[in-house]
Structure formats: structure tokens, C-alpha cells
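Here is a short report for a reader meeting this structure for the first time. Keep the sequence and the 3D view at hand while reading.

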Amino acid sequence: MNLQAAQNAIQRAGVFYSRSEDATGAGRSQILDRNWIVVAQTPPAGSPVTEGQALLSAVKIGEPNPC
């Protein structure tokens, strides 16, 4: 799922503050969320989540990733 779609899903669940990070460790900012794909998340899918708890790890679409 791209980063924008993931953030939208979290908001539909009633949580409006989530964080994202560059899963490569390079520290890049995710400016255009639709150009990034989520490769990991905390907490795991299906788990309850509260404001600020959601962390989405993403790489740019087309980059190698663990998924």
C-alpha cells in the first residue's frame, strides 16, 4: 500500500496523528506520500492504535524492500 493510502486508512480508524520514516535508514523525508510504499508498521496490522502510536516505515516505489 502506498504511504498516502496507509495514512488515509489510519485516519478512517479515527487516529489523526501518525508518523512515517525512511525504511532504508537514509533519513529522507516523505514529501509526496503517494510515491512511497509501506514496508513495515508499528503496531502490527489489526492491533489497536492510539494518537501518535502508528509508525509507518516506507521506501520509494521501485526501490528494493523486504516485502
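## Arg-28 and its salt bridges

Arg-28 is partly exposed, at 29% relative accessibility. On this scale, buried means under 20% relative accessible area, exposed means over 50%, and partly exposed lies in between, with a 1.4 Å probe and protein chains only. The model is predicted: local features need pLDDT of at least 70, side-chain atom pairs count only at pLDDT 80 or more, and totals for chains, interfaces and linings use all residues. Residues are numbered from 1 along each chain as its sequence is written, and side-chain values use heavy atoms, with hydrogens and water left out.

Which residues are linked with Arg-28 in a network of salt bridges? They are Asp-22 and Glu-63. A salt bridge here is a side-chain nitrogen of Lys or Arg within 4 Å of a carboxyl oxygen of Asp or Glu. The count by this rule comes to two. In the pair of Asp-22 and Arg-28, the closest N and O atoms are 2.7 Å apart. Asp-22 is buried, with a relative accessible area of 8%. The side chains of Arg-28 and Glu-63 also form a salt bridge, at 2.8 Å from N to O. Arg-28 sits in the loop between β1 and β2 and Glu-63 in the segment after β3, so this pair ties together parts 35 residues apart in sequence. Glu-63 is partly exposed, at 23% relative accessibility.

## The sheet

Three strands make an open sheet. Their order is β1-β3-β2, and the pairing is mixed. Strands (E, at least two residues) and helices (H or I, at least four) are DSSP runs, numbered from the N terminus. Two strands pair if DSSP finds at least two bridges between them. The edge strands are β1 (19–22) and β2, and each pairs on one side only. From one strand to the next, the twist averages 35 degrees. Axes for such angles are lines fitted to C-alpha atoms, for helices over the stretch in contact, and the angles run from 0 to 180 degrees between N-to-C directions.

β1 and β3 run parallel and are joined by four bridges. Ser-20 has Leu-56 of β3 as its bridge partner. Asp-22 stands opposite Ala-58 in β3. β2 and β3 pair in the antiparallel sense, over six bridges. There, Ile-37 stands opposite Val-59 in β3.

## Inside strand β3

Is β3 largely enclosed or open? Five of its six residues are buried, so β3 is largely enclosed by the rest of the structure. Ser-57 belongs to this strand. At 10% relative accessibility, Ser-57 is buried. The side chains of Ser-57 and Glu-21 share a polar contact of 2.8 Å. A polar contact is a pair of N or O atoms within 3.5 Å; within protein, one must be able to donate a hydrogen and the other to accept it, and residues adjacent in sequence count only if both atoms are side-chain atoms.

Contact in general means heavy atoms within 4.5 Å. Leaving aside neighbours within four places in sequence, Ser-57 is in contact with Glu-21, Ala-23, Ile-37, Val-38, Val-39 and Ala-40. With the same neighbours set aside, the contacts of Ala-58 include Asp-22, Trp-36 and Val-38. In a regular strand the side chains alternate between the two faces of the sheet.

## The nonpolar core

The largest nonpolar core holds nine residues: Leu-3, Ala-6, Ile-10, Val-15, Trp-36, Val-38, Ala-54, Leu-56 and Ala-58. Such a core is a set of buried Ala, Val, Leu, Ile, Met, Phe, Trp, Tyr and Cys residues joined through side-chain atoms within 4.5 Å. At least two of its residues come from each of α1 (3–12), β2 (36–42) and β3 (55–60). The largest share, three residues, comes from α1.

Where is Val-15 placed? Val-15 is in the loop between α1 and β1. Val-15 is buried, at 5% relative accessible area. Apart from neighbours within four places in sequence, Val-15 is in contact with Ile-10, Val-49, Thr-50 and Glu-51. Gly-52 is 37 residues from Val-15 along the chain, and their C-alpha atoms are separated by 8.1 Å.

## After the last strand

Gly-62 lies in the segment after β3. Gly-62 is exposed, with a relative accessible area of 75%. Gly-62 and Leu-32 are 30 residues apart in sequence. In space they are 14 Å apart, C-alpha to C-alpha.
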